[in-house]
Amino acid sequence: MSELQNMREGQTYNCLDQKLTDLRALAFLTLHEFNNEIDAQKRAELLKKLGASVSTTSHIAPPLEMSYGCHLSLGQQSYINTGAIILDNAQVTIGDNVMIGPRVQVYTAAHSLDADKRIAGDEIAKPVTIKDKVWIGGGVIILPGVTINEGAIVGAGSVVTKDVPSYARVAGNPATLMAKNSIIDGHA
């Protein structure tokens with residue numbers, strides 16, 4: 001099995017593999033075009049060229065950084081604000097009517113805890129899922145393998161280390177459940 005197949009199947013893979021390096025280089029070049037393109041339709045075409053699945057009713061504001069670009073699915077009427085970093089080594093699925101604030105970081109790659117294996121390039125990728133109607137505040141970091149369930153709100157600057165229940169409000173580092181009505185004036 002190739003390293004790309006191992007990565008896509010959630011197995012340990014070598015991130016230093018030449019084919020993976022080439023795919024990341026293609027993503028870098030294509031996203032450079034995306035980030036410098038004024039026309040929204042042309043930006044959408046560039047993401048499609050990478051293999052991303054983005055609804056025509058959704059919007060991603062540049063600049064955008066991704067590791068591969070081919071493991072992103074973005075539903076309808078969703079918005080990703082400027083400065084997003086999506087390390088899409090595994091699938092990143094974002095539902096409908098999702099609002100993602102500026103400078104949000106979504107990580108799917110996890111390196112080995114063993115220093116020698118990490119230096120050798122051992123890595124594993126775990127998918128991230130953000131379901132419908134979620135609001136993620138600016139500067140949030142979402143770690144590998146996390147699911148943020150429908151209608152949840154993640155407060156700005158939070159680090160999400162585990163799944164978030166439907167319609168829950170979480171904040172902090174690590175993100176923890178907030179008391180109901182603890183968001184002042186409806187802003188996270």
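Let me start with Glu 150, which at 29% relative accessibility counts as partly exposed, and I should say at once that we are looking at a predicted model. Its partner is Lys 133, with which Glu 150 forms a salt bridge whose closest N and O atoms are 3.6 Å apart, a distance that falls within the 4 Å cut-off. Lys 133 also counts as partly exposed, in its case at 46% relative accessibility. As for where the two residues sit, Lys 133 is in the loop between β13 (128–130) and β14 (135–136), while Glu 150 is in the loop between β16 (147–148) and β17 (153–154), so the pair ties together parts that are 17 residues apart in sequence. When the whole structure is searched, one salt bridge is found.

Let me turn now to strand β12. How do the side chains along residues 122–125 behave? They alternate, in that Glu 123 and Ala 125 point to one face and are buried, whereas Asp 122 and Ile 124 point to the other face and are not. That fits the general expectation, because in a regular strand the side chains alternate between the two faces of the sheet.

Which strands, then, pair with β12? One of them is β1, residues 13–14, which pairs with β12 in the antiparallel sense over two bridges, and here Tyr 13 has Glu 123 as its bridge partner. Another is β11, residues 109–111, which also runs antiparallel to β12 and is joined to that strand by three bridges, with Ala 109 having Ala 125 as its bridge partner. The two β12 residues just named as partners, Glu 123 and Ala 125, are the ones that point to one face and are buried.

Terms used: Residues numbered from 1 in each chain as written. Predicted model: local features only at pLDDT ≥ 70, side-chain atom pairs only at ≥ 80, totals over all residues. Heavy atoms only, no water. Salt bridge = Lys/Arg side-chain N within 4 Å of Asp/Glu carboxyl O. Helix = DSSP H or I, 4+ residues; strand = E, 2+ residues; numbered from the N terminus. Buried < 20%, exposed > 50% of the residue type's maximum accessible area, 1.4 Å probe, protein only. Pairing = 2+ DSSP bridges.
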